[in-house]
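Below are some comments on the model, set out as numbered points. They take up the burial of charged residues, the salt bridges and the nonpolar cores in turn.

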Amino acid sequence: MKITQAEFVISAVQPHQYPVDALPEIALAGRSNVGKSSLINKLILRKNLARTSSQPGKTQQLNYYRVNDLIYLVDFPGYGYAKVSKTQREQFGEMIERYIRDREPLKLQLLVIDIRHEPSKLDQQMYQWLKHYEIPTCIVATKADKIPRSKWDKHIKMIKTTLEADPRDSVVLFSSETGLGREQLWDVISEAITT
């Protein structure tokens, strides 16, 4: 996809803060530090529209980015970050579950997983939620540049097995460094918003 325009729109916590223009929404979920912000920046070819941070747990709302006046990318708070209080973690969980369960314009959920590590219990839980609510899902294995190409298949297999992934769900190998997977991921997104 040719990116002509991309902008940060709002950080939302409550449903009444969500945009009301009914553009299709593509949401991103993943552990803190999995590289969601870098993935967004690489998708829209902007250096730092989505603020990356060496300090995990930075995103604490749903961050909306409008792309080409065509779709929203919605970045969830990263989960599994220890320094967030238990109460805050529960609030994140409720906010995310409510969004997944009730958000009409949500067309596709990207579950972002670091290819180097086995999906965590929280990754598995998120995937099960998505399946429970019948949300179209694409698994994005980031940081592919960090392991040798010869190990990609083995690591992808490990991710699918651990998640008990539905064979119909797309899996995209991605690297924010090299741009690997960018076109493929846009193809998956384009298909999701046109069906």
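1. E25 and R103 are both buried, and this holds for a model that is predicted. Their side chains meet in a salt bridge, with an N to O distance of 2.6 Å. The pair links distant parts of the chain, since E25 lies in strand β2 whereas R103 belongs to the loop between α2 and β5, and the two are 78 residues apart.

2. The E25–R103 pair is one of eleven salt bridges that the structure holds. Another is formed by the side chains of R116 and D114, which meet at 2.8 Å, N to O. How exposed or buried are these two partners? R116 has a relative accessible area of 32% and is therefore partly exposed, as this value falls between the limits of 20% and 50%, whereas D114, with a relative accessible area of 9%, is buried because it stays under 20%.

3. The side chains of D166 and R168 likewise meet in a salt bridge, here at 2.7 Å, N to O. D166 counts as buried because its relative accessible area of 16% is under the 20% limit, while R168 counts as exposed because its value of 74% is over 50%. Elsewhere, E7, D21, R66 and D69 are joined into one network by salt bridges that share partners.

4. Turning to the nonpolar residues, the largest core has 33 of them, and those with the most contacts inside this core are F76, Y99 and M126. At least two residues of the core are supplied by each of the strands β2 (25-30), β3 (62-67), β4 (71-75), β5 (106-114) and β6 (137-142), and also by each of the helices α2 (86-102), α3 (121-132) and α4 (152-163). The largest share, five residues, comes from α2.

5. Which residues does Y99 touch, if those up to four places away in sequence are not counted? They are Y18, E25, A27, L62, Y64, V74, F76 and L106. Two of these names have appeared above: F76 is, with Y99 itself, among the residues with the most contacts inside the largest core, and E25 is the buried residue whose side chain also meets that of R103 in a salt bridge.

6. A second core, separate from the one just described, has 28 residues and includes I40, Y65, L110 and F174. Any description of the nonpolar interior should accordingly treat the two cores separately.

Technical notes
Residues are numbered from 1 along each chain as its sequence is written. This is a predicted model: local features need pLDDT of at least 70, side-chain atom pairs count only at pLDDT 80 or more; totals for chains, interfaces and linings use all residues. Side-chain values use heavy atoms; hydrogens and water are left out. A nonpolar core is a set of buried Ala, Val, Leu, Ile, Met, Phe, Trp, Tyr and Cys residues joined through side-chain atoms within 4.5 Å. Buried means under 20% relative accessible area, exposed over 50%, partly exposed in between (1.4 Å probe, protein chains only). Helices (H or I, at least four residues) and strands (E, at least two) are DSSP runs, numbered from the N terminus. Contact means heavy atoms within 4.5 Å. A salt bridge is a side-chain nitrogen of Lys or Arg within 4 Å of a carboxyl oxygen of Asp or Glu.
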